[in-house]
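Hi there,

Here is the structure I promised to pass on. My notes follow it, and I hope they are handy when you open the file.

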Amino acid sequence: MTVSPELRTSRQASSDLLRSVFRQHAAGVAVVTAHGDRPVGFTATSLNSVSAEPALISFGVGTGSSSWPVLSEAGHIGVHILGEHQAGLAATFARSGADRFAPPTSWRTGPEGVPLLDGVLAWMVARVVAKVPAGDHRIVLAEVVDGDPRGEGRPLLYHQGRFNALRD
């Protein structure tokens, strides 16, 4: 196997390669929320189903994110699957320093005190069972305890650094 010279020598090259490759990978867009002294949330494209029995999910979160201090202590989290009409909401929760829960964000307090976003395709509340160190991130494993899959619409996707709609 031949590797180009600019990608073979450094950790930065590996990081750049990873980013370049994953720009080609379309991912569903979710928002993860939690509540401590205040509600927090962030846009995630790393959401995965891990196990059906028990019902486990996982996602990655940067330890430098503004949400991490609250999320690191949270017993429960909310996971929201966004629809193609919610690119603005995804951008709000991805923006550093934004007041993510201020209008026009519409939300309510859900089971276990978790902030739930209105108008999403589906939501889950999950109990955090593990936080696994992974570089500058943590992989959070959580067991689903409640949810609603009955929202209407098509999913929002993230591809090539932009929010996109699913095409037929």
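How much area does the protein expose, and what share of it do carbon and sulfur atoms supply? The exposed area is about 9700 Å², and carbon and sulfur atoms supply 52% of it; such areas come from the Shrake-Rupley method with a 1.4 Å probe, and for residues only the protein chains shown count as cover.

First, some housekeeping. This is a predicted model, in which local features need pLDDT of at least 70 and side-chain atom pairs count only at pLDDT 80 or more, while totals for chains, interfaces and linings use all residues. Residues are numbered from 1 along each chain as its sequence is written, and side-chain values use heavy atoms, with hydrogens and water left out.

Overall picture: there are three helices and twelve strands (DSSP runs numbered from the N terminus: H or I of at least four residues for helices, E of at least two for strands). Of the 168 residues, 33% count as buried (under 20% relative accessible area; exposed is over 50%, partly exposed in between, with a 1.4 Å probe and protein chains only).

Now the inside. The largest nonpolar core (buried Ala, Val, Leu, Ile, Met, Phe, Trp, Tyr and Cys residues joined through side-chain atoms within 4.5 Å) has 19 residues, and Val32, Ala34, Phe42, Phe59, Val61, Leu71 and Ile77 touch the most other members. Several elements each supply at least two residues of this core, among them strand 2 (30-35), strand 5 (56-62) and helix 2 (68-71). A second, separate core of 14 residues includes Val29, Leu89, Phe101 and Val114.

Leu71 touches Ala34, Phe42, Phe59, Val61, Ile77 and Lys131, leaving out residues up to four places away in sequence; contact means heavy atoms within 4.5 Å. Gly60 sits in strand 5 and is buried, at a relative accessible area of 15%. Beyond its neighbours within four places in sequence, Gly60 contacts Phe42, Ser46, His137, Arg138 and Ile139.

Finally, the backbone. Most residues other than glycine have a negative phi, and most peptide bonds are trans. Here, the bond from Glu53 to Pro54 is cis, with omega near -5°, and Pro54 lies in the loop between strand 4 (48-51) and strand 5. Another cis bond joins Pro103 and Pro104, with omega about 15°. Glu112 has a positive phi, near 60°, and is exposed at 54% relative accessibility. Gln160 also has a positive phi, near 55°, and is partly exposed at 34%.

Best wishes
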